[in-house]
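Colleague: I'd like to learn how to read a model like this one. Could you walk me through it feature by feature?

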Amino acid sequence: MKLVRYGAPGEERPGLIDADGAIRDLSGEIPDISGPVLAPQTLTRIAALDPASLPKAPDGVRLGACIGDVGHFIAVGLNYADHAAETGSPIPAEPILFSKAPSCIVGPNDDVMLPKGSQKTDWEVELAIVVGRRASYVAANEALDYVAGYCVCNDVSEREFQMERGGQWMKGKSAPTFGPLGPWLVTADEVGDPQDLALFLDVNGARMQTGSTRTMIFSCAQLVSYISHFMVLEPGDVITTGTPPGVGLGMKPPRYLKDGDVVRLGIEKLGEQEQRVRAYPG
């Protein structure tokens with residue numbers, strides 16, 4: 001299934017994508033695409049519905065982030081060897097973890113706002129994992145049983161804030177609009193092997209990133225297992241899993257986003273996003 005949230009910001013309704021690509025309203029069946037709704041038994045019940053029996057959403061409606069009420073938004077750094085190389089960083093022996101503030105999450109096609117004082121805002125196409133069951137001390141060979149599905153994430157990053165201002169990376173990762181998610185949450189059964197998905201990202205029509213989840217250092221299963229040994233993962237938590245090479249930081253000279261740029265990105269089976277970059281108002 002492909003699950004969506006649609007409507008004005010803060011007023012999103014749950015939906016699913018039917019065979020013709022139309023959005024069907026699920027608000028009569030579930031309150032939102034979040035938390036307990038992502039449990040296997042609930043997803044099975046939704047999958048058994050006849051989409052034609054559900055109201056059709058208006059054409060052209062805004063898509064919100066495909067997950068609502070995210071508790072933890074966990075990110076993995078330097079999880080592609082070639083991306084680590086382009087940033088001049090060693091390949092990590094264990095996953096590098098940091099948080100993105102859930103308040104940075106926006107819809108897949110919403111504007112990305114440059115923070116006040118930003119000179120080095122960058123792009124990162126990433127595969128995001130959405131947790132479907134409470135996970136604590138999970139073995140790697142069972143970890144994918146705890147995954148509800150996957151979606152596209154743009155891990156927007158302000159490199160000066162991240163790397164030159166001291167402290168933790170989250171300072172450069174958590175500004176408003178720095179976490180576009182969607183267009184939809186694709187359930188794990190439809191995705192199949194998450195380690196065989198192509199990724200891309202363009203800026204103003206020029207290809208910047210081309211990669212595959214095959215080249216991740218730590219697989220999705222390893223990441224869910226590893227993180228669950230340091231914290232309890234709850235349904236609706238999001239893990240964004242790292243980016244392939246081609247970020248602005250790695251270019252010579254570096255290239256960063258500016259007002260008016262258009263970023264388009266996507267992942268095989270998971271759809272595409274497009275954001276226009278805007279200067280911070282005022």
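Modeller: We'll go through the sheet, the charged pairs, the rings and the backbone.
Modeller: This is a predicted model, so local features need pLDDT of at least 70 and side-chain atom pairs count only at pLDDT 80 or more, while totals for chains, interfaces and linings use all residues. Residues are numbered from 1 along each chain as its sequence is written, and side-chain values use heavy atoms, with hydrogens and water left out.

Colleague: Okay, the sheet. In what order do the nine strands come?

Modeller: Strands (E, at least two residues) and helices (H or I, at least four) are DSSP runs numbered from the N terminus, and two strands pair if DSSP finds at least two bridges between them. Here the order is S3-S2-S1-S13-S10-S9-S16-S4-S5, in an open sheet with mixed pairing. S3 (23-25) and S5 (96-99) stand at the edges with a single partner strand each, so one side of each has no neighbour in the sheet. From one strand to the next, the twist averages 30 degrees.

Colleague: Which way do S9 and S16 run relative to each other, parallel or antiparallel?

Modeller: Antiparallel: three bridges join S9 (residues 125-131) to S16 (residues 238-240). Ile129 stands opposite Ile239 in S16. Helix H5 (residues 220-228) packs on the sheet, touching S4, S5, S9, S10 and S16. Contact means heavy atoms within 4.5 Å. The direction of H5 makes about 55 degrees with that of S9; axes are lines fitted to C-alpha atoms, for helices over the stretch in contact, and angles run from 0 to 180 degrees between N-to-C directions.

Colleague: How many salt bridges turn up in the whole structure?

Modeller: Side chains of opposite charge can pair when their charged atoms come close. The cut-off is a side-chain nitrogen of Lys or Arg within 4 Å of a carboxyl oxygen of Asp or Glu, and the search finds 21. One of them joins Arg5 and Asp32 at 2.7 Å, N to O. Arg5 is in S1 (residues 2-6) and Asp32 in the loop between S3 and H1 (40-47), so the pair ties together parts 27 residues apart in sequence. Both Arg5 and Asp32 are buried, meaning under 20% relative accessible area (exposed is over 50%, partly exposed in between; 1.4 Å probe, protein chains only).

Colleague: And what about Lys173 and Glu124?

Modeller: Their closest N and O atoms are 3.5 Å apart, and both residues are buried. Salt bridges that share partners join Lys100, Asp122, Glu124, Asp155, Arg159 and Lys173 into one network.

Colleague: How many aromatic pairs are there?

Modeller: Rings of Phe, Tyr and Trp (its six-membered ring) pair if their centres lie within 6.5 Å; planes under 30 degrees apart count as stacked, over 60 as edge-to-face and the rest as tilted. There are two pairs in the whole structure. Tyr226 and Phe230 have ring centres 4.9 Å apart and planes at 50 degrees, so that pair is tilted. Phe230 is exposed, at 60% relative accessible area.

Colleague: Last one: which peptide bonds are cis?

Modeller: Most residues other than glycine have a negative phi, and most peptide bonds are trans. Cis cases include Gly182 to Pro183, with omega near 25 degrees, and Lys252 to Pro253, with omega about -5 degrees. As for phi, Asn204 has a positive value near 55 degrees, and Asn204 lies in the loop between S14 (198-203) and S15 (206-212).
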